[in-house]
Amino acid sequence: MKRFLIVAAVILASATAFAQHEAGEFTVQPRIGFSAADFNNTEDTKARVGLIVGPEFEYYLTNKFSLAGGLNYSQQGAEIDSKQLDATFKLDYLTVPIVANFYVLKGLALKAGIQPGFNLSGKIEGEVGSVKVSDDLDHVKSFDMAIPVGLSYEFKNFVLDARYTFGLTKIFEDKSSFHSLDSKNLTFQLTLGYKITLF
């Protein structure tokens, strides 16, 4: 009997640890993490590692399907490592991811959606030979559109979220002098959040 009670308690604790949200539930999730961003269509760039932080709101249409919208500060860009130039493109965005979540298992969700973004600042910093350079980028497009896809896992209200966003719009205006005129943003994001039920 004692063994049965212990097993029952373990099963009950495991069941309640996993998220089981109901239709009509509305949550907010503060999130923080890192991003590894790069440009596509380039051969001499590598990922710039930066910060991503912001809240995400989620509404459950059913216990297996929800819609979420966020507001993030996201550090993106790329690093250039070539014979002529060692520099970092520092592009910071305010992103608004809107994703659909499909819960395939308790706590495990697959997600996809759209992500409008608004450029907050653009700089290039680095070295040309032994000379340090730092300058504002005047020809970064103010609007960026991307497609985020990924998955998340929720356990005891903590949410680990991994996403990859594929840029749809060019980063630079056509009048820019940079060689990567056709480049778009590619960003991997890994965040940790805590989900709070509002109602």
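A residue counts as buried here when its relative accessible area is under 20%. Aspartate 161 comes in at 3%, so it is buried. Keep that residue in mind as you look through this predicted model, since aspartate 161 is part of a salt-bridge network that also takes in Arg31, Glu56, Lys111 and Arg163.

**The overall picture**
- The protein has one helix and 13 strands, and the helix leads off at the N-terminal end, with the strands following it.
- Of the 199 residues, 38% are buried.
- Look at contacts with a separation of 6 or more, and 63% of them turn out to be between residues 24 or more positions apart.
- The accessible surface is about 10,800 Å², and carbon and sulfur atoms account for 65% of that.

**Arginine 163 and its surroundings**
- You'll find arginine 163 in strand β11, which covers residues 158–167.
- Its relative accessibility is just 2%, so arginine 163 goes down as buried.
- The arginine 163 side chain makes a polar contact of 2.6 Å with the side chain of glutamate 56.
- Another polar contact, at 2.9 Å, runs from the arginine 163 side chain to that of aspartate 161.
- That arginine 163–aspartate 161 pair also counts as a salt bridge, with the closest N and O atoms 2.9 Å apart, and both partners are buried.
- Leaving aside residues up to four places away in sequence, arginine 163 touches a mixed set of neighbours, including Pro97, Val99, Val149, Gly150 and Phe188.
- Arg31, Glu56 and Lys111 are also among the residues arginine 163 touches, and these three belong to the salt-bridge network as well.

**Salt bridges across the sequence**
- There are nine salt bridges in total.
- Lysine 111 pairs up with aspartate 161, and their closest N and O atoms sit 3.0 Å apart.
- Lysine 111 is in strand β8 (residues 108–128) and aspartate 161 is in strand β11, so this bridge ties together parts of the chain 50 residues apart in sequence.
- Lysine 111 has a relative accessibility of 8%, so this one is buried too.
- Glutamate 154 and lysine 195 form another bridge, with 3.2 Å between the closest N and O atoms.
- Here again distant parts of the chain are linked: glutamate 154 is in strand β10 (residues 143–155), while lysine 195 is in the loop between β12 (185–194) and β13 (196–197), 41 residues apart.
- Glutamate 154 and lysine 195 are both buried.

How values were computed
Residues numbered from 1 in each chain as written. Predicted model: local features only at pLDDT ≥ 70, side-chain atom pairs only at ≥ 80, totals over all residues. Heavy atoms only, no water. Helix = DSSP H or I, 4+ residues; strand = E, 2+ residues; numbered from the N terminus. Buried < 20%, exposed > 50% of the residue type's maximum accessible area, 1.4 Å probe, protein only. Polar contact = N/O pair within 3.5 Å; in protein donor to acceptor, adjacent residues only side chain to side chain. Contact = heavy atoms within 4.5 Å. Areas by Shrake-Rupley, 256 points an atom, 1.4 Å probe, with all protein chains shown as cover. Salt bridge = Lys/Arg side-chain N within 4 Å of Asp/Glu carboxyl O.
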